[in-house]
Structure formats: C-alpha cells, structure tokens
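Subject: Structure handover

Hello,

Here is the structure I promised to pass on. Please open it beside this email and follow along.

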Amino acid sequence: MSLADEATRLLLVAGHESDGGIGLEPLLDALPGAVVATAGRRLHDAVTRALTEGAERVAVLPMTWGRDPVMVADAAKTLRWLDAGAGRGRLALCDDFGTIDHLVAALRRAATRTAAAEPGAAMVVVARAADPFDDAELYRVAHLVRTHGAGVPVEVACVAGPGDLADVVHRTRLLGARGVVLVPAGFGLPDGVDGFAGTTSYGPLVSRAAVLEVVRRRRDAALHALEHGRTGIEAGLLADHGHGYAHSHGIDGDAGHGHPHGHGHPHEHPHGTVPAGFELAESRPSG
C-alpha cells in the first residue's frame with residue numbers, strides 16, 4: 001500500500017519531540033492528504049473533518065520515539081470517544097513511530113559517526129523541554145549512549161529558553177571538548193537551535209526515506225489490524241500507565257503493601273542493532 005491512499009486519511013500526532021509539529025511539516029509533501037495535529041481538540045477536529053469529507057478510514061500515528069507516552073494516551077482517549085459515533089472499523093491508532101530502543105540505537109550511531117568525523121568533540125543531545133519525566137528519560141537514554149557508545153562525551157540540553165543550550169555548550173567546552181555536535185532527540189532540532197554559535201549540526205537521526213518507510217509500515221499494520229477488528233485504541237489508553245512518580249498501594253502497612261514501585265521500563269539493546277525500517281540517515285556533522 002503506497003503512502004497515497006484516497007480511502008484512508010493519515011493523521012500524524014505531534015508532541016514535544018517534533019516541536020509541536022514543526023519537525024513533521026517537511027514530510028507532508030510526500031504524504032498526500034496527511035495532516036499534522038497535536039493531541040486533544042486539534043486531533044478531534046482533524047479526525048472529524050476527515051470523516052466528514054468522506055474518508056473510509058482514519059489512521060492516527062503518534063509521532064514519538066517513546067518519550068511522550070502521555071501524548072499517545074491522550075490521542076487514544078480522543079479516538080475512543082470518536083469511535084463510538086464513527087462506526088466501528090473506521091478509526092485506527094497505529095503503533096508509535098519509534099521506541100526508546102530505536103532512539104538509543106540511533107543516538108549510538110550518531111556517537112560513532114561523531115567520533116569518526118570530529119575527533120575530540122562532544123555530542124549534545126538536544127530536545128525541546130517537556131515534562132520532568134520525559135526530560136529525565138532523555139538523560140537516561142544519554143547515559144546508555146555514553147556507556148555503550150564510541151567513547152564520545154554525551155550531554156543533554158532540554159531547551160525551554162534562550163540560555164539553556166548556551167549553558168550546556170559552555171559546560172561541555174569547560175570539560176575539555178574540542179568541538180560540540182548538536183544531535184536531535186526527535187524529529188529535528190528545536191526551532192531556533194540549528195546553527196547555534198560554536199557548534200556543529202549532526203543532521204537528522206534517520207533519513208527522510210526511512211521516516212516515510214516507517215510511517216508506511218505503521219499505517220499499513222494498523223489498517224491490517226483494523227480489518228481484523230483491532231483498533232489499537234485500547235492499547236493506546238495504557239501508554240502512560242506507570243508514567244511519572246512511582247506510587248504505593250497503601251500507607252504504613254495498610255491494606256495495600258505500602259511499597260513504592262514502577263511498572264517496568266523499556267529494555268535497551270546495547271549492541272546498537274537498528275530495527276527494520278530505521279536505516280539511519282547518512283548524516284555527518286557539518287557546520
């Protein structure tokens with residue numbers, strides 16, 4: 001099934017990893033009829049519009065590398081409400097674009113290429129600041145990349161204001177880096193970051209062709225599941241389960257056991273294998 005399918009409307013759900021959708025806009029010329037929308041009212045309106053305009057099916061693809069589970073759950077809530085009135089078999093929630101495993105593998109490849117292209121440089125993984133838990137996840141990812149990478153120093157910049165990146169770049173240089181390479185943690189660097197003074201931009205984590213291939217695979221898999229009665233919505237509702245602070249089932253030994261716990265975590269693969277569909281961009285640091 002090609003990316004152009006008149007019977008299906010593709011909606012890309014944007015979050016902080018695409019800077020609210022800015023990082024996804026360059027894809028739209030290769031995705032006829034596709035729409036970018038943030039979760040919530042804009043997604044609701046986009047789905048409603050697609051159905052009103054006669055789309056037989058609507059495939060909703062959360063564009064996340066695994067760091068925005070709340071966005072996925074919010075999208076699923078919107079679709080659950082709309083699915084009741086749309087008629088079963090018309091709305092499909094795709095699997096997320098990527099996972100934390102994919103992100104770790106892509107950033108490890110970036111570290112290897114940085115080491116080869118710019119010896120002595122440090123890598124700064126850059127993302128738009130989000131909630132504390134999504135930002136903390138990025139620091140965990142960076143630690144895995146640093147530990148299992150190519151010996152390249154890896155720092156994180158969660159950008160909320162003009163001085164955030166400058167502070168990280170300054171600290172990185174004080175630690176002895178001979179150069180600073182900025183690597184996106186999502187779909188491109190946050191708006192206004194590319195070309196930051198004294199740094200080099202790595203480029204996209206994966207090639208445009210690879211992004212479009214993964215989008216196609218996610219959409220086709222969701223539509224196939226829809227033919228068998230599986231919308232993906234119920235699974236999406238659980239995306240943010242356990243996201244945030246660990247919690248307890250009781251206090252001071254009450255009916256619950258009183259033990260704080262999480263709900264598991266993604267399992268990274270430190271050997272750098274890139275799953276099918278994520279053939280990485282032939283990016284090289286460039287000034």
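What is the order of the strands in the open sheet of four strands? The order is β6-β5-β7-β8, and the pairing is parallel. β6 (154-159) and β8 stand at the edges. Each has a single partner strand, so one side of each is left without a neighbour in the sheet.

Keep in mind that this is a predicted model.

**The overall picture**

The protein has seven helices and eight strands. It has 287 residues, and 48% of them count as buried. Now take the contacts with a separation of 6 or more. Residues 24 or more positions apart account for 76% of these.

**Strand β7**

Go back to the open sheet and find β7, residues 179-184. Is this strand enclosed or open to the outside? Six of its six residues are buried, so β7 is largely enclosed by the rest of the structure.

Here is a general point that helps. In a regular strand the side chains alternate between the two faces of the sheet. Now look at each face of β7. G179, V181 and V183 are on one side. V180, L182 and P184 are on the other. All of these are buried, and both faces are covered.

Next, the neighbours. Strands of a sheet pair through backbone hydrogen bonds, either parallel or antiparallel. β5 (residues 121-128) runs parallel to β7, and six bridges join them. To find the place, start at A121, which stands opposite G179 in β7. β8 (residues 200-201) also pairs with β7 in the parallel sense, over two bridges. There, T200 in β8 is the bridge partner of V181.

**Strand β1**

Now move to β1, residues 8-14. How many of its residues are buried? Seven of the seven are, so β1 too is largely enclosed by the rest of the structure. T8, L10, L12 and A14 point one way. R9, L11 and V13 point the other way. All of them are buried.

Which strands pair with β1? One is β3 (residues 57-62), in the parallel sense, over six bridges. T8 has R57 as its bridge partner in β3. Another is β2, which also runs parallel and is joined to β1 by four bridges. V13 has A37 as its bridge partner in β2.

**Two residues to click on**

Start with V35, which sits in strand β2 (residues 35-38). Its relative accessibility is 25%, so V35 counts as partly exposed. Which residues does V35 touch, leaving aside its neighbours within four places in sequence? V35 is in contact with L10, L11, L12 and A46. Of these, L10, L11 and L12 are among the buried residues of β1. V35 and L24 are eleven residues apart in sequence. In space they are 9.7 Å apart, C-alpha to C-alpha.

Then try G89. It lies in the loop between α2 (69-86) and β4 (91-93). G89 is partly exposed, with a relative accessible area of 31%. Leave aside its neighbours within four places in sequence, and G89 is in contact with R57 and L226. You have met R57 already: it is the bridge partner of T8. G89 and L223 are 134 residues apart in sequence, yet 9.2 Å apart in space, C-alpha to C-alpha.

**A cavity**

Rolling a probe the size of a water molecule over the atoms shows where empty space is left. How many cavities of 30 Å³ or more does the structure hold? It holds one. The largest cavity has a volume of about 70 Å³. Its lining has 13 residues. H16, E17, A127, R128 and G188 lie nearest its centre. What kinds of residue form the lining? Five are nonpolar, four are polar and four are charged.

**Cysteines**

A disulfide is a covalent bond between the sulfur atoms of two cysteines. How many disulfides are counted here? With a cut-off of 2.5 Å between the sulfur atoms, the count is zero. Two cysteines you can look up are C94 and C158. C94 has 4% relative accessibility and counts as buried. C158 is buried as well, with a relative accessible area of 16%. The cut-off for buried is under 20%, so both values fall below it.

Best wishes

Technical notes:
Residues numbered from 1 in each chain as written. Predicted model: local features only at pLDDT ≥ 70, side-chain atom pairs only at ≥ 80, totals over all residues. Heavy atoms only, no water. Buried < 20%, exposed > 50% of the residue type's maximum accessible area, 1.4 Å probe, protein only. Contact = heavy atoms within 4.5 Å. Pairing = 2+ DSSP bridges. 1 Å grid on protein atoms, 1.4 Å probe; cavity = no way out; pocket = protein on both sides within 12 Å on 5 of 7 lines; lining within 4 Å. Points joined across faces, edges and corners; volume = space filled by probe spheres on them. Nonpolar A, V, L, I, M, F, W, Y, C, P; charged D, E, K, R; others polar.
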